[in-house]
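I'm opening a fresh notebook page for this one. The plan is to look up ring pairs, then charges, then the place where the chains meet.

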Amino acid sequence: MMLWRIEWSRTLRQKESYVFLFTWMVTLVLLGGLGQALPVASAYTNVNASLLTIIGLVLPLFVMLTTALQWGGERESKRLRLLTTYPLSMFRLIWMRYSAFLATQALIVTLAYALASFVVSMPLTTWFVLWTYSIGLIAYGAALGTFVGVIGRNRLQAVLLSFLIWIVMILLWPTILVSVIAWMPYGIQAEAMIGALFLNGFELLRVWVSAVLAAPDLFGAIYETFIDWLDGSIGTAVVGFTIATVILWMLSASAWWLRREGRHDSA
Amino acid sequence: MRRLSWLLALWFFSPIAVQADTEPVLLEEPIVIQSNETFNGAGKRFISCERPAFQLEGIGAVLENVEIEQCERTTVPAVLVEGLGHQVIDARIEAAGTGIAVSDSHGVRLIRPNVTGTGRGEGISVHNSEATVIKGAIIDHARDGIYIEDGSGHELVRPLVMNSRYGIHLMFPTDVSITSPILHHNETGAMVMGTERVSIENGQIHDQTGATGMGLMLFEAVETTVRANAIHGNRVGIYAEKSEWTAIHHNGVNGNDIALRLQRATGMTLAGNDLTHNRYPVISFKAADNVITGNRWGGLTLDLTEDGQSEIPYRADPYLFLLADSYEAFELLYGAPGLTVLERALRSPDEVTLIDTAPLVTNFKFTWQGTVGATVLSGLLMLLWRFGRKQDDYL
C-alpha cells in the first residue's frame, strides 16, 4: 500500500496530468456548449455522438502513449532492470503501477466532468455513461500501453509501437473490417461484425456506450436484438467481463515478460 | 285521481322512451341523404355491416353529429359521399373498413371527423374529387389516415393521424394544401407521390416507427413546399426521391437518425432549415442542381464577416450511406472514429456531394448549470489531488 501511495503521488505530480485535465475540460465544455445552443435535446444526438467520437479517438492515444512512455523511460534509465531484482512479484509491481495510473486518470477525468458540468447541461445518466466509457477506455488503453512499454526496448520503440497499435485499432479498424467482411457471404456478415467487436475492446466499448445512450435501432434493424441485449444487464456484464479479462491478460503478459528478462539477466 | 293516474303512466313510460333513444340503431340499408337535406343524428349511434351507414348524394347534403360502428370484416365505407358541396360534421366512426369515402365529388367539407380503425381500411379516402376540405380530422389505427387519389385543390387543416401505415397518402393529386398536420407513430408521416404543387406547413411530424420510419416521403413529386414544420424522432426526417423543384425551408428537422435523404432529387431549394441534433444531417445521392444555402447543420462553422453565415461551406459526403446501403452489416461502424477519418480521406466528387455554400453559424452558449453536488465533488477531487501529491519518491 505504501508503494502504491508513492506511485500515486508520483503520477499526480506529473505535468501531463494537468494537460490531460485541461484537454478534457476544453473538449467537454466546447462540445457541450455547442449542444446547449441548440433547441432540441434528445437522448442520442450528434453532439453526444461527437463527444463519443472525440473521446474514442483521442483518449486511447493519450493513455497508450503516456503509459508506454513511462515504461520505456523506466527501461531507458535502467530502473526497470533494478526493479526486477527487488523481492517483489512482477505482477504485483505491474499491477501497482497500472492501478496507480488508472486511479490518477480516473481522478483527472472525473474532475474534468465535474468542472464541465458547471456550464454544460446533460442528464445525469448521460454524464455517468460518458464517464464510464472514458474510464473503460483508460483502463483498456493503459493495459495495452503497459504491455507495449514493457516489451519495447526504449522509449522511442515503445511510443512507435503504441502509435502503431492506435492506428490499427482505431484509425484502420473500419477499413480492415470493410476489406475483410465484404468478402464474406451476406448471411454471416452481421455475425462477423459482432464477433470482431470482441477482438477490439475500444470498439466494444463504443458500441456498448452507444447502445446504452441510444435507441435499439441506432445501428439499423439488423442489430436491433443485439443492441437491445447489449443495453441490458447481461450484455453490460459480458462487456465488463471481456474488458477485465483482456486487461488482466495484458498485465500478466507484461509480468511474464519482466520475469523472463530477470532470469536472462541473472543467467 | 285521474290526474294522478296520468302522471303515474307518464312516469312509468318515460324511461323506456329515453332508453330507446340511446340504443344503437342497426342499419340494414344505408340512410341516403339527398340534395339540400340535413340529417342530424343528435349523437345517436348507428351500426352497419355490409352496406354504408350513410350515403350523401346530389348537392349540398349535410350529415352531422352521428356515431357509427361497423361490424367486423366490413369492407365498405361507413359514410359514402358523392356529389357537390356536401358536408359531414362531427361524425365519430369506429371503422372496420374505410371511415369516410369521398368520390367523384366537388367542394365536400369534412369537419371534425373522428375515425378509429382496425388498420385494414383508410380513415378518409378521397378519389377523383376536387376542392375537398378536411378540417380537424382525428384518425387512429387506419391503413392510411387520409388517402387522396387524383383530383385537385384539396385543403387539409389540422389533421391528427397516429398509429397508421401512412398518416397522409397523396397519389397524383395537384394543388393540395396541408396546414398544421400532426402525424405521429405511423410508419410514414406523409407519403406524397406523383403530385404537383403540394404544400405542407406548420406541422408536427414526429416519432414514426418501424423499419422505414419516415417523417415525409416525396416520390416523383413536383413543386412541393415543405415549410415551418417540426420534424423529429423519425428514422428519416424528409426523404425525397426523383422529385423536382421542391422547396424545403425554415423547418426544424431534429433528433432523427437521418434528417434529409435526397436521392435523384433536382432543382430543390433548401434554405433556413435547422438540421442539427440528428445522427446524420443529410445523405444525398445523385441529387443535382439544387440551391442549398443558409441552413444550420451543426458542423464546423466560421463567421469572419459576422453576418451569421459561415465562410466554411458544409459538405455532405455520401460515403457512409453508400457503404451501408451496399452492406447492411457495416451500419455497426456508424460513429466509429476511424470511419470519420476514412470519410475525410475518401472524399466523394463534388457532383454527388451536397454543399451548403453559406451555412448558418452555430453559436456557443454557456449558461451556469452548477449544482451543490458538482461543487462538492470538484472540491473533494481537488483536495484528493492536492494531498495525493505529497509523497516521496522511492527510486
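**Entry 1: rings**

How many aromatic pairs does a search of the whole structure find over all chains? I got 15. A note to myself before going on: this is a predicted model.

I picked out Trp95(A) and Tyr98(A) to begin with. Their ring centres are 5.8 Å apart and the planes make an angle of 35 degrees, so I wrote the pair down as tilted. To be called stacked, the planes would have to be under 30 degrees apart. Both residues belong to helix α5 of chain A, which runs over residues 90–116. They are 3 residues apart there, about one turn of the helix.

Buried or exposed, I wondered about Tyr98(A)? Tyr98(A) is buried, at a relative accessible area of 3%. Trp95(A) comes out as partly exposed, with 39% relative accessibility.

Next I turned to chain B, where Trp297(B) and Tyr314(B) make a stacked pair. I noted 4.5 Å from centre to centre and 5 degrees between the planes. Trp297(B) is in the loop between β33 (291–293) and β34 (314–316), while Tyr314(B) is in strand β34 itself, so this pair ties together parts that lie 17 residues apart in the sequence. Both of these residues are buried.

One more from chain B: Phe39(B), Phe46(B) and Phe54(B) form a cluster linked by ring pairs.

**Entry 2: charges over rings**

I also looked for charged ends sitting over rings. Arg260(A) has its charged end over the ring of Trp257(A), 4.4 Å from the centre. Arg97(A) lies over the face of Trp71(A), and here the distance to the ring centre is 5.5 Å. I kept Arg97(A) in mind for the next entry.

**Entry 3: salt bridges**

My count for the structure is 17 salt bridges over all chains. Which residues does Glu74(A) pair with? One partner is Arg79(A), with the closest N and O atoms 2.6 Å apart. Another is Arg97(A), at 2.5 Å from N to O. That second bridge links distant parts of the chain: Glu74(A) is in helix α3 (residues 46–76) and Arg97(A) in helix α5, 23 residues apart.

I checked how covered these residues are. Glu74(A) has a relative accessible area of 2%, so I put it down as buried. Arg97(A) is buried as well. Arg79(A) is partly exposed, at 24%.

Then I saw that these three belong to a network of salt bridges that also takes in Glu7(A) and Arg10(A).

Over in chain B, I noted a salt bridge between Arg197(B) and Glu196(B), 3.4 Å from N to O. Arg197(B) is partly exposed at 34% relative accessibility, and Glu196(B) is partly exposed at 35%.

**Entry 4: where A and B meet**

How many residues does each chain bring to the contact? I have 71 from chain A and 55 from chain B. The area buried between the two chains is about 5600 Å², and carbon and sulfur atoms give 68% of that.

I looked for salt bridges between chain A and chain B and the count was 0. Polar contacts do turn up across the interface: 5 residue pairs, both residues at pLDDT 80 or more. On the side of chain A that touches chain B, helix α1 (residues 2–13) gives the most, with 10 residues.

Definitions and conventions
Residues numbered from 1 in each chain as written. Chains lettered and ligands numbered in written order. Predicted model: local features only at pLDDT ≥ 70, side-chain atom pairs only at ≥ 80, totals over all residues. Heavy atoms only, no water. Phe/Tyr/Trp six-rings, centres within 6.5 Å; stacked < 30°, edge-to-face > 60°. Helix = DSSP H or I, 4+ residues; strand = E, 2+ residues; numbered from the N terminus. Buried < 20%, exposed > 50% of the residue type's maximum accessible area, 1.4 Å probe, protein only. Lys NZ or Arg CZ within 6 Å of the ring centre and 35° of its normal. Contact = heavy atoms within 4.5 Å. Buried area = accessible area lost by both parts, 1.4 Å probe. Salt bridge = Lys/Arg side-chain N within 4 Å of Asp/Glu carboxyl O. Polar contact = N/O pair within 3.5 Å; in protein donor to acceptor, adjacent residues only side chain to side chain.
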